[in-house]
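Work through these exercises with the model open. Each task is followed by a solution in steps.

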Amino acid sequence: MYDFRKRCVSLDRLIGTFCAIPHPVAVEVAAASGIDFLCIDWEHSQIGRERLEDLVRAADVHRIPAMVRVPGHTPEWIAAALDAGASGVLVPRVSTTEQARMAVMACRYPPVGARGVGPGRAAGYGYRIPDYLKSANDVLAVAIQVETAEGLANIDDIVQVDGVDVIFIGPGDLSVSIDAMGPAGQDKLDAAIVRIAAAARAAHKAVGIFRPSADDVGKWSKHGISFYMLASDTMFLGAGLAAGAAAARSA
């Protein structure tokens, strides 16, 4: 699990999914599927602070890295996710260099950043603080989500921020923000994705993206995208049940 950040920045093709179901069983099932990593979605789900730690622990059972999409830029949210033992964080709606720098500062211990030292699960509840401090800055992945018109406009500067490992593209919010929703806006959205990916790769940053299915992973890999978040546990659950029901009715 400790090579997760290394694999991100080495541009290994990594396939993950969002975990939105607030129960450890769902995380264990996803972790046992052969996926490369999980992202516990604290931003867009009913997952609470106390449950967060249980979900990270469930991924640990299967030795699968679990990062957390935090609700926002607040350092306290980032610290809570990392203290729970997450392998990294995905910080949403990063639109400026200052927001990107704040994310890095919240993830890294001094002298690189400003993360506070605490007796959380990641540090063995206080019993392994020295060991954790030695490795945390090197092994925890920092991903920032670019998903606004402002972020697109500032992308050349955002990708230059030291300490950011992955520039993650959120096509859903981006399409709304740049007025490129639906089939009519597809070309405009694709151009924005290509623009972000090209800027990130020029700055030697890994690029990630959310995709509802694997249908166009090959297409986006040609643009240097290597970090994929495929759908979510809830989406896979619904699609699987729908397909099963349709097959049973037609049998």
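**Exercise 1. The cores**

Which residues have the most contacts inside the largest nonpolar core, and how many residues does this core have?

Solution.
- Step 1. Keep in mind that this is a predicted model.
- Step 2. Count the core: the largest nonpolar core has 66 residues.
- Step 3. Pick out those with the most contacts inside it: Leu38, Ile40, Val68, Ile167 and Ile225.
- Step 4. Look for the main contributor. Helix 10 (residues 186–202) gives the most to this core, with seven residues.
- Step 5. Turn to the second core. It is separate, has 15 residues, and includes Phe18, Phe37, Cys39 and Phe168.

**Exercise 2. The two sides of strand 2**

Which residues of strand 2 point one way, and which the other way?

Solution.
- Step 1. Locate strand 2 at residues 37–41.
- Step 2. Check its cover: five of its five residues are buried, where buried means under 20% relative accessible area.
- Step 3. Sort the side chains. Phe37, Cys39 and Asp41 point one way. Leu38 and Ile40 point the other way.
- Step 4. Recall the rule: in a regular strand the side chains alternate between the two faces of the sheet.
- Step 5. Link the sides to the cores. Leu38 and Ile40 are among the residues with the most contacts inside the largest core. Phe37 and Cys39 belong to the second, separate core.

**Exercise 3. Strand partners and crossovers**

Which strands make right-handed β-α-β units with strand 2, and through which helices?

Solution.
- Step 1. Start with strand 1 (residues 14–19). It pairs with strand 2 in the parallel sense over four bridges. Phe18 stands opposite Cys39 here.
- Step 2. Add the helix. Strand 1, helix 2 (residues 24–31) and strand 2 make a right-handed β-α-β unit.
- Step 3. Go on to strand 3 (residues 66–69). Strand 2 pairs with strand 3 in the parallel sense, over four bridges. Leu38 stands opposite Ala66.
- Step 4. Close the second unit: strand 2, helix 3 (residues 49–61) and strand 3 are again right-handed.

**Exercise 4. A pocket**

Which residues lie nearest the centre of the second largest pocket?

Solution.
- Step 1. Take the volume: about 270 Å³ of space lies in this pocket.
- Step 2. Take the lining: 17 residues, with Phe18, Asp41, His44, Arg69 and Phe210 nearest the centre.
- Step 3. Assign elements. Helix 9 (171–177), strand 8 (227–232) and helix 12 (233–250) each give two or more residues to the lining.
- Step 4. Find the largest share: three residues, from helix 9.

Terms used
Residues are numbered from 1 along each chain as its sequence is written. This is a predicted model: local features need pLDDT of at least 70, side-chain atom pairs count only at pLDDT 80 or more; totals for chains, interfaces and linings use all residues. Side-chain values use heavy atoms; hydrogens and water are left out. Buried means under 20% relative accessible area, exposed over 50%, partly exposed in between (1.4 Å probe, protein chains only). Two strands pair if DSSP finds at least two bridges between them. A crossover is right-handed if, with the strands pointing away from the viewer, the path from the first strand over the helix to the second runs clockwise. A nonpolar core is a set of buried Ala, Val, Leu, Ile, Met, Phe, Trp, Tyr and Cys residues joined through side-chain atoms within 4.5 Å. On a 1 Å grid over the protein atoms alone, a cavity is a set of points where a 1.4 Å probe fits but cannot get out, and a pocket is an open set with protein on both sides within 12 Å along at least five of seven lines; lining residues have an atom within 4 Å of a point. Grid points are joined across faces, edges and corners, and a volume is the space filled by probe spheres set on the points.
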